[in-house]
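Some terms used for a structure rest on cut-offs. The questions below set values against them.

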Amino acid sequence: MNKISSTSLIGGAVVVAMAVGLYLGVAKRGLPPEGLGMGLWRKIKRKKKPLRVYMDGCFDMMHYGHCNALRQARAVGDQLVVGVVSDAEIIANKGPPVTPMHERMIMVKAVKWVDEVISDAPYAITEDFMKKLFDEYKMDYIIHGDDPCVLPDGTDAYAVAKKAGRFKQIKRTEGISSTDIVGRMLLCVRERSVSDSHNHSSLQRQFSHGHSQKFEDGGSGSRSGTRVSHFLPTSRRIVQFSNRKGPGPNAHIVYIDGAFDLFHAGHVEILRVARELGDFLLVGTHNDQTIR
Ligand code: CTP
């Protein structure tokens, strides 16, 4: 070993030892070592253990509100683990889901912000399940949207996590929900047979039909029948939804197009297969007029 490399090795060892010493010595007090800014100190501590966050949900008829929730949850920590609620638990707490467990799993796994998925998760965070999340899955926080999530007995599904100080909230995306999508489907069926105009307009008042227009609901904006999308597609957000990369100079580009209406597990699968045919997948989505 020459002099320079041995010197730098020893120098390196000294620096590492100091850093470790400083870390171990000060970690107990939670303060940064002298001369080290709080920001850098947090980064060093983070390197030691990634912040793991847990979000659960039904993710029935998965839509962009769910994706936006997962995006925000992932931004709270370094690793996002998602618990997909079992069919039986959904039936017991809010009625039967449209999409079964295995399809909901495919959809959640396909989202780029999701690091791990737990199947058959419970609907409510119980003491036992929370212990499992902390001890077995090494979770730091449990996350849910800022809408109230009540159990059939009227209690808060996240009360235990809140009490333990391990609950964090993200902003729910208004204007989109599984219930609203079902309503839009009913509206489509009704539009094809417009004989009953009274029922048609009453349905229209209840569901958004995908348009961002205000309906006269007295401004109540209920959880399941939200009307106006408040999702603000800023360029920064749109970039987060994209994969930020174009095709390379010699890329084999594959093109697929479709309506991708009510995006489901079959769409995820065909996009996966299409992507495997080349190096870059370009997806065309038909506009509403073309589909009509
Ligand atoms: N979520 C959201 N915005 C929406 C819908 C859901 O942020 N428009 C969030 C919820 O707050 C929750 C997660 O997505 O943290 C999973 O929601 P889920 O359990 O699937 O059920 P709902 O909240 O009932 O969603 P939906 O009404 O669309 O079925």
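Q: Why does the backbone atom of C58 count as making a polar contact with the ligand?
A: In this predicted model, a backbone N or O atom of C58 lies 2.9 Å from an oxygen atom of the ligand. A polar contact is a pair of N or O atoms within 3.5 Å, so this pair counts as one.

Q: What makes F59 and H63 polar contacts of the ligand as well?
A: For F59, a backbone N or O atom lies 2.8 Å from a ligand oxygen atom. For H63, a polar side-chain atom lies 2.7 Å from an oxygen atom of the ligand. The cut-off is 3.5 Å, so both pairs qualify.

Q: How much of the ligand's accessible area does the protein cover?
A: On its own the ligand has 560 Å² of accessible area, and the protein covers 96% of that.

Q: Which elements give two or more residues to the shell around the ligand?
A: These are β1 (52–57), α3 (64–76) and β4 (141–145). By class, the shell has five nonpolar, nine polar and five charged residues.

Q: Why are the side chains along strand β6 said to alternate?
A: V254, I256 and G258 point to one face and are buried, while I253, Y255 and D257 point to the other and are not. Buried means under 20% relative accessible area, so the residues of the first group fall under that value.

Q: How do you know that β6 and β7 pair?
A: Pairing needs at least two bridges, and these strands have six, in the parallel sense, so they pair. One bridge joins D257 to G284 in β7.

Q: What do β6, helix α11 and β7 make together?
A: They make a right-handed β-α-β unit, with α11 spanning residues 265–276.

Note on methods:
Residues are numbered from 1 along each chain as its sequence is written. This is a predicted model: local features need pLDDT of at least 70, side-chain atom pairs count only at pLDDT 80 or more; totals for chains, interfaces and linings use all residues. Side-chain values use heavy atoms; hydrogens and water are left out. A polar contact is a pair of N or O atoms within 3.5 Å; within protein, one must be able to donate a hydrogen and the other to accept it, and residues adjacent in sequence count only if both atoms are side-chain atoms. Accessible areas come from the Shrake-Rupley method with a 1.4 Å probe; for residues, only the protein chains shown count as cover. Helices (H or I, at least four residues) and strands (E, at least two) are DSSP runs, numbered from the N terminus. Ala, Val, Leu, Ile, Met, Phe, Trp, Tyr, Cys and Pro count as nonpolar, Asp, Glu, Lys and Arg as charged, and the others, Gly among them, as polar. Buried means under 20% relative accessible area, exposed over 50%, partly exposed in between (1.4 Å probe, protein chains only). A crossover is right-handed if, with the strands pointing away from the viewer, the path from the first strand over the helix to the second runs clockwise.
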